[in-house]
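Here's a quick walk through one chain, going from a single residue out to the whole fold. Have a look at the model first, then read on.

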Amino acid sequence: DGFVVNQLDTIAFENPAYFEDQSRWFAYRDLNRLTVELAAGVAFLSEHSRRSAVAAGLLVNDAPARVVYCGVDTPPAPPGRLAPPGLSSADDGFLLCLGASYLHKNRRLALDLWAELRRRGSSRRMVLAGPAPPYGSSRAAEAEFLLAHPELRADVVEVGAASEAEKQWLYAHAGVVLYLSTAEGFGLVPFEAAALGVPTLATRQGSLDEVLPEGIPTLDG
């Protein structure tokens, strides 16, 4: 007789690049509008997501809408943390970019940041971990970067989709996590990293400004 929907964000609603063609994007948008219109209530992960839905014209009826924040629990340690292929404890201190290679994750920017650190004398490797979506991936731009910088190719490790044991190994051996997305409804990665004692370089843009403590250093550009 009624249902409540959790609208994570409006990233797909606003990005045709994440669909096979324009007609499928239009169909998704129509379904999203209909779902929110028929719902007895709408929950959001952040005030940022709620404002984005208002700006996109999704909240047009009188259905109650509320922000319900989420979080992370420290996962139990798997029987053995597994090093993904191409990595070992000799690589400790690498830069880690974890998440699907969607364009809004800014993995290409992470490569620029890492290349600048290398130019300034760093010897750390760069690890890109996460599955590649069928549409809207930054993998082509990342490949273009590596073609233009052949001297860096050997120190970029692409893990792909990681198991839970591999993910915990990555967190345990990373020097810093790069979380450069500015468009998340909520960001789980910085909190997963924090729960395991790993620092994260992130921005206050998007939803993170609502939950990060005041006064900590973040990206401001």
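Let's start with one histidine: His173 sits in helix α6. Keep in mind that this is a predicted model.

Is His173 buried or exposed? With a relative accessibility of 17%, His173 counts as buried, because the cut-off for that label is under 20%. Leaving aside residues up to four places away in sequence, His173 touches Ser89, Asp92, Gly93 and Phe94.

Now for the helix around it. Helix α6 covers residues 164–173 and is mostly tucked away, with 8 of its 10 residues buried. Which ones are they? The buried set is Ala165, Glu166, Lys167, Gln168, Trp169, Leu170, Tyr171 and His173. That list includes Glu166 and Lys167 as well as Trp169 and Leu170.

What do the buried residues of α6 pack against? Their partners are three strands, β4 (94–98), β5 (126–129) and β7 (174–178), plus helix α7 (188–195).

Over to a strand. In β1, residues 4–7, the side chains alternate between two faces. Val5 and Gln7 point to one face and are buried, while Val4 and Asn6 point to the other and are not buried. β1 also has a partner: strand β2 (residues 41–44) pairs with β1 in the parallel sense, over 4 bridges. Within that pairing, Val4 of β1 stands opposite Gly41 in β2.

Zooming out, the chain as a whole has 7 helices and 8 strands. Here are some numbers for the chain:

| Property | Value |
|---|---|
| Box filled by the C-alpha atoms, along the principal axes | roughly 55 × 35 × 35 Å |
| Buried share of the 221 residues | 40% |
| Accessible surface | about 11600 Å² |
| Carbon and sulfur share of that surface | 54% |

How does the radius of gyration fit in? A compact globule of 221 residues would have a value near 17 Å, and the chain has 19 Å, which agrees.

The contacts reach well along the sequence too: among those between residues at least 6 apart, 67% join residues at least 24 apart.

Last up, the charges. How many positive and negative side chains does the chain have? There are 19 positive and 27 negative ones, and the centres of the two sets lie 5 Å apart.

How values were computed
Residues are numbered from 1 along each chain as its sequence is written. This is a predicted model: local features need pLDDT of at least 70, side-chain atom pairs count only at pLDDT 80 or more; totals for chains, interfaces and linings use all residues. Side-chain values use heavy atoms; hydrogens and water are left out. Buried means under 20% relative accessible area, exposed over 50%, partly exposed in between (1.4 Å probe, protein chains only). Contact means heavy atoms within 4.5 Å. Two strands pair if DSSP finds at least two bridges between them. The radius of gyration is taken over C-alpha atoms; the globule rule is 2.2 Å times the number of residues to the power 0.38. Accessible areas come from the Shrake-Rupley method with a 1.4 Å probe; for residues, only the protein chains shown count as cover. Lys and Arg count as positive and Asp and Glu as negative; His and the chain ends are not counted. The place of a charge is taken as NZ of Lys, CZ of Arg, CG of Asp or CD of Glu.
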